[in-house]
Amino acid sequence: MSLQKQYTLGELYSLADQCSHDYPATLARKIELLTEVQILLGRKAAEAIREYKRIYAKRKRVYAEAYIAAENLREQRAELAVIELRLQEADAEADKVRWSNAVESNDQVINSLKYSLKVLLAEFGNNASANR
């Protein structure tokens with residue numbers, strides 16, 4: 001299907017919300033849309049992890065440079081040199097956790113909908129047999 005190039009996360013969620021849970025076809029469509037959301041969420045999570053690791057590496061480098069350059073109170077001077085980077089790192093880590101949680105949450109929703117679809121298909125199958 002590969003909708004991720006055509007729609008934003010918000011648009012995909014909106015399309016998924018419009019799908020009824022009453023019919024197998026529309027429920028399957030919702031699962032399909034949320035699977036596309038999962039792809040985009042996974043990419044966002046990976047980007048957030050990359051950004052966090054980039055800031056972490058930069059902080060470690062700046063700390064080492066400040067430590068080497070300081071003549072006395074090396075650890076304190078190095079810590080002062082990386083305060084802003086520590087704040088950026090904290091923000092990046094929060095984003096990393098947020099996107100990872102979104103991936104996990106969306107995965108659980110998809111699994112729940114798959115179970116609902118299985119039940120719905122079984123009900124439709126039983127109704128079709130009863131009508132014969």
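Helices in this tour are DSSP runs of H or I with at least four residues, strands are runs of E with at least two, and the elements are numbered from the N terminus. The structure is a predicted model, in which local features need pLDDT of at least 70 and side-chain atom pairs count only at pLDDT 80 or more, while totals for chains, interfaces and linings use all residues. Residues are numbered from 1 along each chain as its sequence is written, and side-chain values use heavy atoms, with hydrogens and water left out.

**Stop 1: alanine 122 and alanine 69**

Begin by selecting alanine 122, which is placed in helix α4. With a relative accessibility of 41%, alanine 122 counts as partly exposed, on a scale where buried means under 20% relative accessible area, exposed means over 50%, and partly exposed is what lies in between (1.4 Å probe, protein chains only). Then add alanine 69 to the selection and draw a distance between the two C-alpha atoms: the residues are 53 apart along the chain, and these atoms are separated by 71 Å.

**Stop 2: the nonpolar core**

Next select Leu9, Leu34, Val37 and Trp99, the residues with the most contacts inside the largest nonpolar core, which has 18 residues. A nonpolar core here is a set of buried Ala, Val, Leu, Ile, Met, Phe, Trp, Tyr and Cys residues joined through side-chain atoms within 4.5 Å. Helices α1 (9-17), α2 (24-69) and α4 each supply at least two residues of this core, and the greatest share comes from α2, with nine residues. In soluble globular proteins, nonpolar side chains tend to be buried together. Centre the view on leucine 9 and show its neighbours: leaving aside residues up to four places away in sequence, leucine 9 touches Val37, Leu40, Leu41 and Trp99, where contact means heavy atoms within 4.5 Å.

**Stop 3: salt bridges**

Now turn to the charged side chains, taking a salt bridge to be a side-chain nitrogen of Lys or Arg within 4 Å of a carboxyl oxygen of Asp or Glu. By this rule the count is six, and three of the bridges are visited here.

Select glutamate 89 and arginine 59, whose side chains meet in a salt bridge with an N to O distance of 2.4 Å. This pair links distant parts of the chain, since glutamate 89 belongs to helix α4 and arginine 59 to helix α2, 30 residues apart. Both glutamate 89 and arginine 59 are buried.

While glutamate 89 is still selected, add lysine 53, which lies in helix α2. Lysine 53 and glutamate 89 are 36 residues apart in sequence but 8.4 Å apart in space, C-alpha to C-alpha. Lysine 53 counts as exposed, at 52% relative accessibility.

Stay in helix α2 for glutamate 51 and arginine 54, which are three residues apart and so separated by about one helical turn. Their side chains form a salt bridge at 2.7 Å, N to O. Glutamate 51 is partly exposed at 33% relative accessibility, and arginine 54 is partly exposed at 44%.

Move to helix α4 for arginine 98 and aspartate 95, again three residues apart, about one helical turn. The salt bridge between their side chains has an N to O distance of 3.5 Å. Arginine 98 is partly exposed, with a relative accessible area of 46%, as is aspartate 95, with 35%.

**Stop 4: the aromatic pair**

Which kind of aromatic pair do tyrosine 63 and tyrosine 67 form: stacked, edge-to-face or tilted? Rings of Phe, Tyr and Trp (its six-membered ring) pair if their centres lie within 6.5 Å, with planes under 30 degrees apart counted as stacked, over 60 as edge-to-face and the rest as tilted. The structure holds one such pair. The ring centres of tyrosine 63 and tyrosine 67 are 6.2 Å apart and their planes meet at 20°, so the pair is stacked. Both residues lie in helix α2, four residues apart, about one turn of the helix. Tyrosine 63 is partly exposed at 21% relative accessibility, and tyrosine 67 is partly exposed at 31%.

**Stop 5: a loop residue**

Select leucine 73, found in the loop between α2 and α3 (74-81). Leucine 73 has a positive phi of about 50°, although it is not a glycine.
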